[in-house]
Every structure is written in structure tokens, then in C-alpha cells.
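Trainee: Got a minute to walk me through this one? I'd like to start with the ligand.

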Amino acid sequence: MARQQLPLRALAARVIQSVTQGQSLSDALPPALRQAQEQDRSQLQALCYGTCRWYHRLDAELQTRLHKPLKKGDRIAVPLILQALFQLRHSHQAEHAVLNETVAACRSLGKPHLAGLVNAILRAAQRDGEPEPTTPAATFSHPQWLTEKLRHNWPDQWQAILDANNAQAPMTLRVNARQTTRDAYLAALDEAGIEASATRFAPHGIQLAEPCGVDRLPGFAEGRVSVQDEAAQLCTELLDLAPGQRVLDACAAPGGKTCAILEAQAEIKEVVALDQSAQRLERVRENLERLRLPATVSAGDAADLERWWDGEPFDRILLDVPCSASGVIRRHPDIKLLRREDDITPLAAIQMGLLERLWSTLKPGGKLVYATCSVFPQENHRIIQRFIKAHEDAVLTMPPVSWGQDTGAGRQLFPDAGSHDGFFYACLTRQDDHAANQASTS
Ligand SMILES: C[S@@+](CC[C@H](N)C(=O)[O-])C[C@H]1O[C@@H](n2cnc3c(N)ncnc32)[C@H](O)[C@@H]1O
């Protein structure tokens, strides 16, 4: 029997409800997109992303309008009303259409008895306008713990970080230096009628004035260009790549940085792209194939050396650890709903564990670049400070760069509304035994 097709707003409510129950947008949205009518798909995506982005603020408004708690079975009304409030507050949709469609969705969701309540709340919201937020969580539309943690960690930058998290991220490209140059690709974009400019810090980066489908990008299928944020592209500069090196990309999937490395240095001896997720490694393979780049793709827990390491040390290691992703909230607004304060300490333990284990696979004289897309010091410079203290042969060797803020143990990039994501990089060199001994006795 064919599944009954749910209208757009009912689908959006279901997706948002799944996110509040712990599912990511990237897992919850694709099945809903398949169920939606073709012409509704981009609006469904915008509704789900936008409602997650403004969830805390919209929910604070809803709580002021909801005079008694909903019964357990009726809680779908919350995401249903929130997606409508999102459009009333943040879009140019005709208000009467937003109201009528949302009230009609109660029936599609099998909750016709909620129509009166939904209608009354949305009419009041339309009539009264948006109330002044009364808490920082509502003002900045972030969970309270995240707002407080950022305020504590970055007393001068926290508000700018929160504002940047609420902005739409730009679409940024990395030109494949093995196939073309940035100037040539900018000219190709111009010819295709796509407005774009060179990124400020990443030498092969291009930022588009408006996002567009990759099928519109000249030569995308042939590997002339990839989609990658500017901050993520900066890893190649720190790795100090040279011909003949053996490079480990320890947490590689989906392979954005693996490919950036291979594009930046054509004469690398080998890049080992390791990840513990076999499923995510498929994306690495697809990217390598499209860009026509060679790598040794390997599945395994990077900390379990016996399982995957052949004993031949690496000249360079990129350790792009799993993290809170607090620097990329603008691209993944569901993080505001999914991440918990308690997640950070266990993540930091995993990050330190990976660093400890992989250090022994680095050649003396070799370099390790530690990276996160986090803005929490606990996952960033505090890890590096502790590691250096505990390892005599580890020396912080950050090259002079023009981006980010010096933390004393690596550079922190904050998300920037007009350009790059939030990221952290530290570059460590492993001294050979002789130099390490001398350092410890002097
Ligand atoms: C931040 S993402 C990496 C992004 C990737 N470097 C890129 O630029 O496309 C972190 C990755 O670490 C992987 N991961 C997590 N724990 C791991 C472990 N113990 N060993 C290997 N990979 C791990 C996850 O599967 C995830 O793909």
C-alpha cells in the first residue's frame, strides 16, 4: 500500500520532533525529503534548519503563549507551532498561508483536536508580534549552558560567536590545484554567471555570493573543485607538506582534508586515510574518485595501533579529532538541541587518548597537526598544553599565520558571519631523542 503523503508542515514537525529526541538533521531529514513533493523539498529543508537555528528563542515565545502543559500524546503541537513561528518571525511567507497550512496539518498528523489551540496561539503571535526575550538563551537562541560556557571561555568574543552561529554560512569552494588555478576557476564561475570572490586566508578558496547546487559549478563532476569551508582548508599550510612524505590523516571521513592534502602536494609518497566508520569512508572513496586522487583508505580505530598500523612511521599526521562541533553550529543548527554540557569532558578524554596513541607513530622530526571544529578551550589549547607538559619530545611549532587568535598553544578561529567557520589548529613537532634529552637536561 502506498504511504500517505504528509504535507510539508506535518513533515517538518516530525523532523524537528526527531531532533528534539536526539536524532541529527542529517539522519532525520533525508527520509522526510523523499516523502515530500518535489516542489516542497527546499522549503522543507529551510523550515527544519531555520526552526532548529531559532529553536530556543521560538520556544521561549511559545511558552509564554501556552497556558497549560500539553498532554504527552499532543506534544507534536510544539514543533508544529515552532516551524510556523519561525516563518512568522524570520521569513517573507504570507502569514495567512503559514497559519492556514499549520492548522490544516493538525488533521494530517491525526490530531484534529489540536487545531483550535494551534490556531489561537498563532493568531495571538501574529497579532502581538515577537515578545522581547527575557533570558540570554532566548536572546541568543542557544541553550543556556552553551551561552554560559562561551561567556566564561571567551569574555570578549562570546556575543559575536553566538551571533555568527545564528547567521547562514556561506558556500565556500576549494579549487583543485592539480587541475586548475583559483584565478582560472574564478573566471569560469564568472562565465557561468556565478558571483564569487577569493577567500582571504586559504590560497585555493573561493566564496560564493549565494549558495548554489554543485551541478551548476563548472567541472564539479570532473573534480575541478570541491565544497569546503575556508577554515578547514587551512590545515595544508600547517602540515608543511613536501615530496616523498608519508602522511596519516587519522580521522579522515568524509575526506575533505585528505583531498586538500593530496591537491596541495602532488608528490607525496602516500596518504593513509583512516577512519573508524566504514560507512563514512565510502564518502572518502567517492571524493578521491571524483577528484582523481590516490590514497590508502583504511577502516579502524586510530587508537588501536595494532589493528591498522604497519609500523612505518609517518612524516606528517593530521589529527582532526571528533569534537563538539561548536564552531560549525551555523552549518549544523541541530547541534544546539543535540549537544549536552556533559558531552565535552568525555570528548576531551577521547581527543587526548587519540593524541597520546598517535604520537608514537610520528617520525622523530615529524609534524602533527591537531585540529577541531570547536571553540571550547577544553577540546583545544588545554589539550595541547597538557600534552606538551607530559611529553618532553613534543614542541609547539606553529608557523606564523595571519588568521585566528593565538591561545599560547595553537590558534583559535571564531566563526565569522561573513566567511569561515570556527576552528582550532595546533602544530606539534616531535623532537628526536637527542634534542629531547638535551632540552630536559638544560
Ligand atoms: C571531524 S570528523 C573528520 C572530518 C574530516 N577530517 C574531513 O575534513 O573531511 C571526525 C571523524 O573522526 C572519526 N573518528 C572518531 N573516532 C575515531 C577513532 N577512534 N579512530 C578513527 N576515526 C575516528 C569519525 O568517524 C569522523 O569521521
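Mentor: We'll take the ligand site, then the domains, then some backbone oddities and a few buried residues. Keep in mind that this is a predicted model.

Trainee: Fine. Which residues come nearest to the ligand?

Mentor: Asp275, Arg280, Asp301, Ala302 and Asp320. They belong to a set of 19 residues around the ligand.

Trainee: What classes make up that shell?

Mentor: There are 9 nonpolar, 5 polar and 5 charged residues.

Trainee: How far is the side chain of Asp275 from a ligand oxygen?

Mentor: A polar side-chain atom of Asp275 sits 2.6 Å from an oxygen atom of the ligand. Arg280 also has a side-chain N or O atom by a ligand oxygen, at 2.7 Å. Gly255 uses its backbone: a polar atom there is 3.2 Å from an oxygen atom of the ligand.

Trainee: And how much of the ligand does the protein bury?

Mentor: The protein buries 86% of the area. That is out of 600 Å² exposed by the ligand taken alone.

Trainee: You mentioned Gly255. What's odd about the chain just before it, at Ala253 and Pro254?

Mentor: The peptide bond joining Ala253 and Pro254 is cis, with omega about 5 degrees. Most peptide bonds are trans. Pro254 lies in the loop between strand 5 (246-249) and helix 14 (256-264).

Trainee: Switching to the big picture. How is the chain divided into domains?

Mentor: Domain 1 covers 8-139, domain 2 covers 172-227 and domain 3 covers 230-441. The C-alpha centres of domain 1 and domain 2 are 36 Å apart.

Trainee: Back to the backbone. What about phi at Ser141?

Mentor: Phi of Ser141 is positive, near 55 degrees, and Ser141 is not a glycine. Most residues other than glycine have a negative phi. Ser141 falls in the loop between helix 8 (136-140) and helix 9 (144-153).

Trainee: Is Ser141 buried or exposed?

Mentor: Ser141 counts as buried because its relative accessibility is 0%.

Trainee: And what's phi for Asp240?

Mentor: Near 55 degrees, again positive in a residue other than glycine. Asp240 is in the loop between helix 13 (235-239) and strand 5. Asp240 has 38% relative accessibility, so it counts as partly exposed.

Trainee: Why "partly" for Asp240?

Mentor: Because 38% falls between the cut-offs: buried is under 20% and exposed is over 50%.

Trainee: OK, helices. How many residues of helix 5 are buried?

Mentor: In helix 5, 13 of the 14 residues are buried, so the helix is mostly covered. Helix 5 runs over residues 77-90. From first C-alpha to last, helix 5 reaches 20 Å, close to the 20 Å expected at 1.5 Å a residue.

Trainee: What does the side chain of Thr102 contact?

Mentor: The side chain of Gln83, in a polar contact at 3.3 Å. Thr102 itself lies in helix 6 (residues 95-108).

Trainee: Why is Thr102 called buried?

Mentor: Because its relative accessible area is 0%, and the cut-off for buried is under 20%.

Trainee: Last one. Where is Leu428?

Mentor: Leu428 is in strand 13 (residues 423-430). Leu428 is buried, with a relative accessible area of 0%. Along the chain, Leu428 and Asp393 are 35 residues apart. Their C-alpha atoms are separated by 9.6 Å.

How values were computed:
Residues are numbered from 1 along each chain as its sequence is written. This is a predicted model: local features need pLDDT of at least 70, side-chain atom pairs count only at pLDDT 80 or more; totals for chains, interfaces and linings use all residues. Side-chain values use heavy atoms; hydrogens and water are left out. A residue is near a molecule or strand if one of its heavy atoms lies within 4 Å of it. A polar contact is a pair of N or O atoms within 3.5 Å; within protein, one must be able to donate a hydrogen and the other to accept it, and residues adjacent in sequence count only if both atoms are side-chain atoms. Accessible areas come from the Shrake-Rupley method with a 1.4 Å probe; for residues, only the protein chains shown count as cover. Ala, Val, Leu, Ile, Met, Phe, Trp, Tyr, Cys and Pro count as nonpolar, Asp, Glu, Lys and Arg as charged, and the others, Gly among them, as polar. Helices (H or I, at least four residues) and strands (E, at least two) are DSSP runs, numbered from the N terminus. The expected span of a helix is 1.5 Å times one less than its number of residues. Buried means under 20% relative accessible area, exposed over 50%, partly exposed in between (1.4 Å probe, protein chains only). Domain bounds come from an automatic or database domain assignment.
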